[in-house]
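Reader: I am new to this structure and would like to know the reasons behind the labels people attach to it. Could you take me through them one at a time?

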Amino acid sequence: MKTIAITTEFNVFDAPTDLPAPVQELMGKAVEARKNAYAPYSQFRVGVALLLDNGEIITGSNQENAAYPSGLCAERVAIFYAGAKYPQAKIMQMAITAASDTNQTTAPIPPCGSCRQSIAEYEIKQEVPIEIYFMGEIGAVYQSDSLKNLLPFMFDKKFL
Ligand code: THU
């Protein structure tokens with residue numbers, strides 16, 4: 001028996017004001033998008049802003065449904081919209097923020113497993129890493145140069 005260790009790393013910004021100005025702006029768009037969340041069941045609002053290589057910014061927010069699994073996370077709303085509207089464009093950066101109506105989120109809130117898998121698909125398709133920033137409502141922002149840090153040992157098309 002042997003053990004395989006996979007390491008992953010993130011950069012930490014103590015506050016959004018520590019981010020480079022263009023990223024602060026992108027996170028600002030994610031905060032705006034968060035306000036458009038349709039979250040009557042969870043009261044948990046997630047906003048996402050994507051910077052594409054064509055200069056466009058695409059935003060998304062979570063959209064819930066009375067039949068719970070029919071709703072969709074903000075990250076997938078945004079990346080699927082980007083894929084549908086600009087199929088040739090590459091996603092360069094992704095900013096994510098999540099806030100609850102019932103308690104203030106201060107820890108960085110990462111994308112869920114299904115969203116990581118979906119983001120991975122686009123990163124592999126475009127052959128360029130997606131830089132990801134995520135935060136709660138206030139507080140630190142975590143940054144990764146690639147989705148790979150969020151999904152080590154990922155399943156992808158090479159296994160098919
Ligand atoms: N949610 C997202 O939008 N992104 C995630 O990565 C995690 C969860 C949404 C789904 C649901 O509307 C609410 O947050 C609570 O899970």
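Reader: Where does Phe-153 lie?

Author: Phe-153 is in the segment after strand 6 (141-144). Keep in mind as we go that this is a predicted model.

Reader: Why is Phe-153 called exposed?

Author: The label exposed asks for over 50% relative accessible area. Phe-153 has 78% relative accessibility, so Phe-153 counts as exposed.

Reader: What makes the phi of Phe-153 worth a remark?

Author: Phe-153 is not a glycine, and yet its phi is positive, at about 60°. Most residues other than glycine have a negative phi. Gln-43 is another residue other than glycine with a positive phi, here near 55°. Gln-43 is placed in the loop between helix 1 (21-34) and strand 2.

Reader: Why is Gln-43 called partly exposed?

Author: Partly exposed is the label between the buried limit of 20% and the exposed limit of 50%. Gln-43 has a relative accessible area of 30%, so the label partly exposed fits.

Reader: What about Ser-146, which is also in the segment after strand 6: why is Ser-146 called buried?

Author: Buried means under 20% relative accessible area. The value for Ser-146 is 11%, so Ser-146 is buried.

Reader: How do you know that the side chains of Ser-146 and Glu-123 make a polar contact?

Author: The limit for the N or O atoms of such a pair is 3.5 Å. The contact that joins the side chains of Ser-146 and Glu-123 is 2.7 Å, so this pair is within the limit.

Reader: Which side chains does Ser-100 contact?

Author: The side chain of Ser-100 makes a polar contact with the side chain of Thr-102 at 2.8 Å. It makes another with the side chain of Asn-103 at 3.1 Å. Both values can be set against the limit of 3.5 Å. Ser-100 itself is in strand 4 and counts as buried because its relative accessibility is 13%, with the limit for buried at 20%.

Reader: How many salt bridges are there?

Author: The count comes to three. Side chains of opposite charge can pair when their charged atoms come close.

Reader: What makes Arg-45 and Asp-101 a salt bridge?

Author: The rule wants a side-chain nitrogen of Lys or Arg within 4 Å of a carboxyl oxygen of Asp or Glu. For Arg-45 and Asp-101 the N to O distance is 2.7 Å, so the pair passes. Arg-45 lies in strand 2 (residues 44-52) and Asp-101 in the loop between strand 4 (91-100) and helix 3 (113-126), so the salt bridge ties together parts that are 56 residues apart in sequence. Arg-45 is partly exposed at 23%, and Asp-101 is partly exposed at 44%.

Reader: How do you know that Lys-158 and Asp-156 form a salt bridge?

Author: The closest N and O atoms of Lys-158 and Asp-156 are 3.1 Å apart, so they too are within the 4 Å of the rule. The two partners carry opposite labels: Lys-158 is exposed at 62%, whereas Asp-156 is buried at 12%.

Reader: And what makes Lys-35 and Glu-32 a salt bridge?

Author: Their N to O distance is 2.8 Å, so the 4 Å limit is met. Lys-35 counts as exposed at 55% relative accessibility, and Glu-32 counts as partly exposed at 47%.

Reader: Which residues are around the ligand?

Author: They are Ser-42, Phe-44, Val-46, Asn-62, Glu-64, Cys-73, Ala-74, Glu-75, Pro-111 and Cys-112. The ligand sits in the largest pocket. Strand 2 and helix 2 (74-85) are the elements that give two or more residues to the shell around the ligand.

Reader: How close do polar atoms come to the ligand's oxygen and nitrogen atoms?

Author: An N or O atom in the side chain of Glu-64 is 2.5 Å from an oxygen atom of the ligand. From Ala-74, a backbone N or O atom lies 2.9 Å from a ligand oxygen atom. A polar side-chain atom of Glu-75 is 2.8 Å from a nitrogen atom of the ligand. The protein covers 75% of the 370 Å² of accessible area that the ligand has on its own.

Reader: Why is Glu-75 called buried?

Author: Glu-75, in helix 2, has a relative accessible area of 5%. Buried means under 20%, so the label applies.

Notes:
Residues are numbered from 1 along each chain as its sequence is written. This is a predicted model: local features need pLDDT of at least 70, side-chain atom pairs count only at pLDDT 80 or more; totals for chains, interfaces and linings use all residues. Side-chain values use heavy atoms; hydrogens and water are left out. Buried means under 20% relative accessible area, exposed over 50%, partly exposed in between (1.4 Å probe, protein chains only). Helices (H or I, at least four residues) and strands (E, at least two) are DSSP runs, numbered from the N terminus. A residue is near a molecule or strand if one of its heavy atoms lies within 4 Å of it. A polar contact is a pair of N or O atoms within 3.5 Å; within protein, one must be able to donate a hydrogen and the other to accept it, and residues adjacent in sequence count only if both atoms are side-chain atoms. Accessible areas come from the Shrake-Rupley method with a 1.4 Å probe; for residues, only the protein chains shown count as cover. On a 1 Å grid over the protein atoms alone, a cavity is a set of points where a 1.4 Å probe fits but cannot get out, and a pocket is an open set with protein on both sides within 12 Å along at least five of seven lines; lining residues have an atom within 4 Å of a point. A molecule sits in a cavity or pocket if more than half of its atoms lie within 2 Å of its grid points.
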